[in-house]
Amino acid sequence: MKALVYHGPNDVRLDDKPRPSIQKPEDVIIRVTATALCGSDLHLYHGTVQGMEPGQTLGHEFMGEIEETGPEVQEVKVGDKVVIPFNIDCGRCWYCRHELWSQCDRSNPKGELGGSFGYTQVLGGYDGGQAEYVRVPFANTVAALKVPDSIKTDEQVLFLSDILPTGFFGADIANIKPGDDVAVFGAGPVGYFAVMSAFLHGAARVFSIDHWPIRLNKTKDLGAEIINFDNEDPVERIKRETGGKGAICIDAVGYEAVGHSGGNSSKGNSKNSYGHDHSKVSNPAYEPANPLQVINWMCQAARKYSTISIPGVYGTSYDQFPLGQLFNRELQIRMGQCPVKKYNEQLLHLIEVGRIDPTKIISHTMRLDEAPAAYKIFDKKEDSTKIVFKP
Ligand SMILES: NC(=O)c1ccc[n+]([C@@H]2O[C@H](COP(=O)([O-])OP(=O)(O)OC[C@H]3O[C@@H](n4cnc5c(N)ncnc54)[C@H](O)[C@@H]3O)[C@@H](O)[C@H]2O)c1
Ligand SMILES: [Zn+2]
Ligand SMILES: [Zn+2]
């Protein structure tokens, strides 16, 4: 079968690989009908994540039809169409029983965080879904995401695998109350759905901050007020617009943030002085532009006593922390990997009744053999918002 395989930093290729087979009694094999490219894939593409080894199939946002089931799979059957959450959960450990699926204790024997598809040895080494077929373990737990007949296209529900619930999680953990003003940093796919979700949580105004017009215009369509950080200082603008009060802040960027040299708001960043341990990533020469840019902006733009929400990914390799501001301003921080299943039922219902339309984020639909080119386009950001593959 064809699969998009990681070969090294900035080197992904469509390879021929053996079709996966059932390895454990609770496995299923899925024929992938749609899969997407995520900002998280770009962290791997840049070689900045520990434990990424050549040979692993990429992709953690996918859906498809069940082709084969292991002997202990009762909850789904051959022919079912399912969306697969990017985090792999066993459904039975303490964390799964407490609905903390992203922290599953049994799906990843190789590390602390639960397993994920297509995402390093550290997250379990599972092959991903940018492929024609994929093995899904613990498949009894994916029954919740069977695609109902009311759904007409894959694209309507594909993003339930990650970015839609992740954007929603960003708004949920931010503790948004009706009438609050919210600032979403990053207008990529996660930022887009965080903006949508902030409105679903009752936000009065939502500011969307990025510097790519194509992406900002998408969030503007959702009703956001856009701020291009190349043209103005986002902290000053948010403070001004909110009468000095500030907004509830969501980071939908993560450690690959682009820095900004002008304006007071970037004061305090100590670019290139992180003291981080590069030795364990596959591209030690890589230097993120300004990993703490968004954190610093948020610490200044956040309404006092509010919660800072961080769905954007931070690894341990590029760490430095503005603890003083967080303490003095009594900010709460919530962050982490989204427990996708927590939100899927309500989000699916919003799609079914037509209240939200996730397909509007898609800028490109491509074939799997175009995936290496797609990584380049998505990495450049300025011409794309979300790329879907139809294997
Ligand atoms: N927590 C989770 O479970 C989870 C799930 C999916 C994605 N993520 C993470 O969310 C982040 C966003 O994902 P995406 O798919 O939207 O990625 P993306 O790379 O497509 O988008 C990121 C956007 O941030 C913008 N940006 C860069 N620097 C900025 C700055 N200083 N201020 C404002 N905007 C800035 C970029 O221009 C880009 O449009 C990534 O870190 C990704 O790994 C986390
Ligand atoms: Zn993703
Ligand atoms: Zn578990």
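## Two residues with positive phi

Asn10 sits in the loop that runs between β1 (2-8) and β2 (11-16). This is a predicted model, and in it Asn10 takes a positive phi of about 55° without being a glycine. How covered is Asn10? Its relative accessibility is 44%, so it counts as partly exposed, a class that lies between under 20% for buried and over 50% for exposed.

Thr120 is another non-glycine with a positive phi, here about 70°. Look for Thr120 in the loop between β7 (115-116) and β8 (133-136). Is Thr120 buried or exposed? With a relative accessible area of 1%, Thr120 is buried.

## The overall build

Stepping back to the whole chain, the secondary structure adds up to eleven helices and 16 strands. The radius of gyration comes out at 20 Å, close to the 21 Å that the globule rule gives for 391 residues, so the chain is as compact as a globular protein of that length. Along the principal axes, the C-alpha atoms fill a box of roughly 60 × 50 × 40 Å.

Now for the contacts: take those between residues at least 6 apart in sequence, and 72% of them join residues at least 24 apart.

## What's inside

Of the chain's 391 residues, 58% count as buried. As a rule, nonpolar side chains in soluble globular proteins tend to be buried together. Here the largest nonpolar core has 47 residues, and the ones touching the most other members are Val157, Phe159, Ile176 and Val182. Which elements give two or more residues to this core? They are β3 (28-37), α3 (154-158), α4 (163-173), β9 (181-185), α5 (189-200), β12 (248-251) and α10 (341-352). The top contributor is α5, with seven residues.

Phe159 is worth a closer look. Setting aside its neighbours within four places in sequence, Phe159 is in contact with Ala36, Leu164, Pro165, Phe193, Pro358, Ile361, Ile362, Lys386 and Val388. Apart from the core that holds Phe159, there's another one of 44 residues, including Phe207, Ala301, Met366 and Ile387.

## What's outside

The chain exposes about 15,700 Å², and carbon and sulfur atoms supply 48% of that area.

As for charge, there are 41 positive and 49 negative side chains. How far apart do the centres of the two sets lie? The centre of the positive set and the centre of the negative set are 3 Å apart.

Conventions:
Residues numbered from 1 in each chain as written. Chains lettered and ligands numbered in written order. Predicted model: local features only at pLDDT ≥ 70, side-chain atom pairs only at ≥ 80, totals over all residues. Heavy atoms only, no water. Helix = DSSP H or I, 4+ residues; strand = E, 2+ residues; numbered from the N terminus. Rg over C-alpha atoms; globule rule 2.2 N^0.38 Å. Buried < 20%, exposed > 50% of the residue type's maximum accessible area, 1.4 Å probe, protein only. Contact = heavy atoms within 4.5 Å. Areas by Shrake-Rupley, 256 points an atom, 1.4 Å probe, with all protein chains shown as cover. Lys, Arg positive; Asp, Glu negative; His and termini not counted. Charge placed at Lys NZ, Arg CZ, Asp CG, Glu CD. Core = buried A, V, L, I, M, F, W, Y, C linked by side-chain atoms within 4.5 Å.
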